[in-house]
Each structure stands twice: as C-alpha cells, then as structure tokens.
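Thank you all for making time this morning. I would like to walk through one structure with you, going from its backbone to its ligand and then to its interior.

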Amino acid sequence: MKYPALQDAELSGRRVFLRADLNVPLKDGRIVDDTRIKAILPTIRYLLDRGASLIIASHLGRPGGVSNPELSLAPVADRLGELLGKKVLFAPDCIGARVNTIAASLNSGDILLLENLRFHPEEKQGDMDFARKLASNSDIYVNDAFGTIHRSHTSLTGIPALLKGGYTGLLVQKELKVFGEMLSSPVRPFSLLLGGAKVSDKIPVIDNLLSRLDHLMIGGGMAFTFMKEMGMSVGTSLLELDRLGAARQILNDADKYGVDIHLPLDIVIAPSAGRPDLARTVPANSIPDGMAGLDIGPDTVEEFGKIIGKSCTVVWNGPMGVFEIPPFDSGTRGVAKALAEVTGNGTVTVVGGGDSVRAVMEAGLEDSITFVSTGGGASLKLLQGMELPALVALKGGRQ
Ligand code: AMP
C-alpha cells in the first residue's frame, strides 16, 4: 500500500509538524547513543532545504504521563543543533502558551524541538483535544518515527486526522521499502530466523510468512514450546503451554508448504540465567529435569550458519538465548556473524527487532548487514502483514 510521501508535499514557507523518534538512551543527562538523532537528519535537511520551518516532537522513555526532568528532550536539542550546525530552539513543554509564542516566531529554516510528548497522559490516549493543541502551530504533518509507528498514540494518529492526512519521512520510506520488497518478492531461498522469549509474539509473523519461506529456523526461549510439542523434555526452560497447539499447527503447515523447520540440535543449559558458572551444553533431546535451556549450542550455530549460507534472503528477529548474560550470548553472536558473512556474498540480510539489533550493534556488525531496522515492534507488525494505523492516518481518508 502506498502512503503519501514527503516528496509529494508543497513545503516552501509551510510550518511542518515532524513526529520523530528521538527516544535515545540517556545516562546522567547525557546521550549514550545518538543513532536515532542521526537517522532523522536526512528528513530534517530535506524539509529545511525546501523552505519549511519545523516543529519536531518525540517521546523519550516512560515518564508515565508526568513531567520528569530526567527524561527531558533538552539534551537532544543540543545534540541535534551540533549535528546540523545550527540553532535548535527548545520549548519547555509540547503544548501551551510558551510553545505557541515560540512557534509564532519561527521563520523558514528555523527548528523548534518540543518537550517530551509523554509528559502528558493524553499522548497515549488518542485524545483529540490534546491533538488539537499539538497541531495548532502547524500546516503539514510528517511522520518519520519508525520506531513507534506501530502505536496509535495521539501524535501519531490524532494530528494527521486533524491536518487531513500527512506524509511519510525519508526514514519511514526506507523501512517500508525494505520490508515491502522483502515481503512481496523475496529472492529465494528465503529464510526466517526467529528467537526471543515469546512464541505468542512471533506466531503471527510465522503465519504471515510461512507459505513464502524455504527455511524457518527457531532458537531462543520460543524454541522450547516447539520442542515440547515434539515430545522432548525441556526441564525448566521457557514454555508457553497454551501455545503448544499453535506450535503443532505451524509444524503441520510447514509440512504442507514444504518449508524446512530447523530447531536447536544442542542447548546450553544451567539451573538459571543467574548461574552462568554452571553452564554446559547438552543435546537438545537431553535437557535434564531442573535445568533451563538458555542458549543454542555450537552445533546449532553451525547448522543455522549452513542454512543462512544457502539462503538469498534472510530475516532475523529475536535473540538465540539470554544474550544479556555471557556465556548465553554465544548463539546470538554466532548467528549475527553468520549473517554478516553471507551479506558480503550478496545475500540480502534484514535484522528487524530491538534485541537482535542490539546484539548486532554490540558485535560491531551493523555495517555488514544489508538492513538493520530502527524499529523492533514496528518491523514485527510489518512482518505480520498488518496495516499500521499511524500510516493509514496519513491518507487522511484518501484511498
Ligand atoms: P523478545 O522480546 O520476545 O524478542 O525476547 C527477547 C528476550 O528473550 C531477551 O531478553 C532474552 O534474554 C530472552 N531469551 C532469549 N532466549 C531465552 C531463553 N532460552 N530463555 C529465557 N529467555 C530467553
């Protein structure tokens, strides 16, 4: 589905409300990682070069609807100004008289960053009165907040409803293009590598993609529900008993569609994630009672690596183990390395998902992957084949 794009908009002399995702990690008031600020720069420059003035809004962290100086966007305004080499004005709130006064003084090429949207509970409530206040200083709405585009919050759906639609920014366009092409015409063999804690999150992804896949590799905590359904003992590993039926359905459907399912061959176990000192590797069908599977083992990494090596398109979402705690990070690092290696040989590799992206970054492999998505939740929804309300809102009722 096509959404109105920034390139379609008349921008000269217009006041643009730019919803960005500037939800950067902060420590002691300092920005730890400015990737998300850098990701929005092309859209900002595009808008400024065409004579618009900008009011930029974002959320930061989870302030729970109350003002919290520790989650202020003020440091982001400073960093944005440094990166752009120009002054970025900062408003102490996202609505109200002070904002209106500063906004009224903006000229073509000026930038105003508003304070954290989530200091107001109305942001998460789809509150149209709040939307009216947010929109009151703008003529045009642009959404380039891919990391949060799967949400229906006021700044994402309410403002475009008031401004009769809106436009996608360059970052959102890039993400939609990658996922769109991959879903509609993947170069085959097409493989999906899934991990993470919960089967329930990933079932709709498998349901949407299964008929188009050649290989489905399953690691992480979600693998144990499948292994249990196949009759294996899984000890105290993560298990979603109410999803055993769904796992069976997927195994049967895979058979029907001729998709090869690959489950772990070996597992790294310990009494719990808090006892990495007791970690050892066992065959997948030999997990003792009282032990939890916390990572895929080296044979599985090698096997998944072979499948990845045979593929022309690979999508990865979800870590292979409790990658936050070594040595349970080996499997996740191993598949990240395998993906980086095949990318150099021409395979299209897409990593979509918060934790798998973090693992790729920690391994310093982000430049060796074809596309690393900036939105975990959003990319999951796209992989599920869902239409996102924030994107539909940009159409403003147009078909
Ligand atoms: P998700 O948000 O579903 O992708 O899950 C990510 C989380 O899954 C990470 O915090 C991992 O620590 C966790 N995880 C992955 N594998 C396992 C496992 N075998 N046991 C427990 N947690 C796991």
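Before I place anything in a loop, let me say that helices, of at least four residues, and strands, of at least two, are taken here as DSSP runs and are numbered from the N terminus. Please also keep in mind throughout that this is a predicted model.

With that settled, let me begin with the backbone, where Pro 327 sits in the loop between strand E15, residues 313-317, and helix H11, residues 330-344. The peptide bond that joins Pro 326 to Pro 327 is cis, with an omega of about 10 degrees. A cis bond also joins Arg 188 and Pro 189, and there omega is about 5 degrees; Pro 189 belongs to the loop that runs between helix H6, residues 170-184, and strand E9, residues 190-194. These are worth pointing out because most peptide bonds are trans, just as most residues other than glycine have a negative phi. On that second point, Asp 28 has a positive phi, near 50 degrees, although it is not a glycine, and this residue is found in the loop between strand E2, residues 26-27, and strand E3, residues 30-31.

Stepping back to the chain as a whole, the assignment divides it into domain 1, covering 6-172 together with 388-395, and domain 2, covering 186-368. The C-alpha centres of domain 1 and domain 2 are 36 Å apart.

Now to the ligand: which residues come nearest to it? Of the 15 residues around the ligand, they are Ala 197, Gly 221, Gly 293, Glu 324 and Asp 355. Sorted by class, this shell consists of 6 nonpolar, 5 polar and 4 charged residues. Looking at individual polar contacts, a side-chain N or O atom of Glu 324 is 2.5 Å from an oxygen atom of the ligand, while for Ala 197 a backbone N or O atom lies 2.9 Å from a ligand oxygen. In Lys 202, a polar side-chain atom is found 3.2 Å from an oxygen atom of the ligand. As for cover, the ligand taken alone exposes 510 Å², and the protein buries 78% of that.

Finally, the interior, where the structure holds 1 cavity of 30 Å³ or more. The largest cavity contains about 60 Å³ of space, and its lining divides into 5 nonpolar, 2 polar and 3 charged residues. Which helix gives the most to that lining? It is helix H1, residues 35-49, with 3 residues. The lining residues of the largest cavity include Asp 21, Arg 36, Ala 39, Ile 40, Phe 146, Leu 171 and Thr 374.

Conventions: Residues are numbered from 1 along each chain as its sequence is written. This is a predicted model: local features need pLDDT of at least 70, side-chain atom pairs count only at pLDDT 80 or more; totals for chains, interfaces and linings use all residues. Side-chain values use heavy atoms; hydrogens and water are left out. A residue is near a molecule or strand if one of its heavy atoms lies within 4 Å of it. A polar contact is a pair of N or O atoms within 3.5 Å; within protein, one must be able to donate a hydrogen and the other to accept it, and residues adjacent in sequence count only if both atoms are side-chain atoms. Accessible areas come from the Shrake-Rupley method with a 1.4 Å probe; for residues, only the protein chains shown count as cover. Ala, Val, Leu, Ile, Met, Phe, Trp, Tyr, Cys and Pro count as nonpolar, Asp, Glu, Lys and Arg as charged, and the others, Gly among them, as polar. On a 1 Å grid over the protein atoms alone, a cavity is a set of points where a 1.4 Å probe fits but cannot get out, and a pocket is an open set with protein on both sides within 12 Å along at least five of seven lines; lining residues have an atom within 4 Å of a point. Grid points are joined across faces, edges and corners, and a volume is the space filled by probe spheres set on the points. Domain bounds come from an automatic or database domain assignment.
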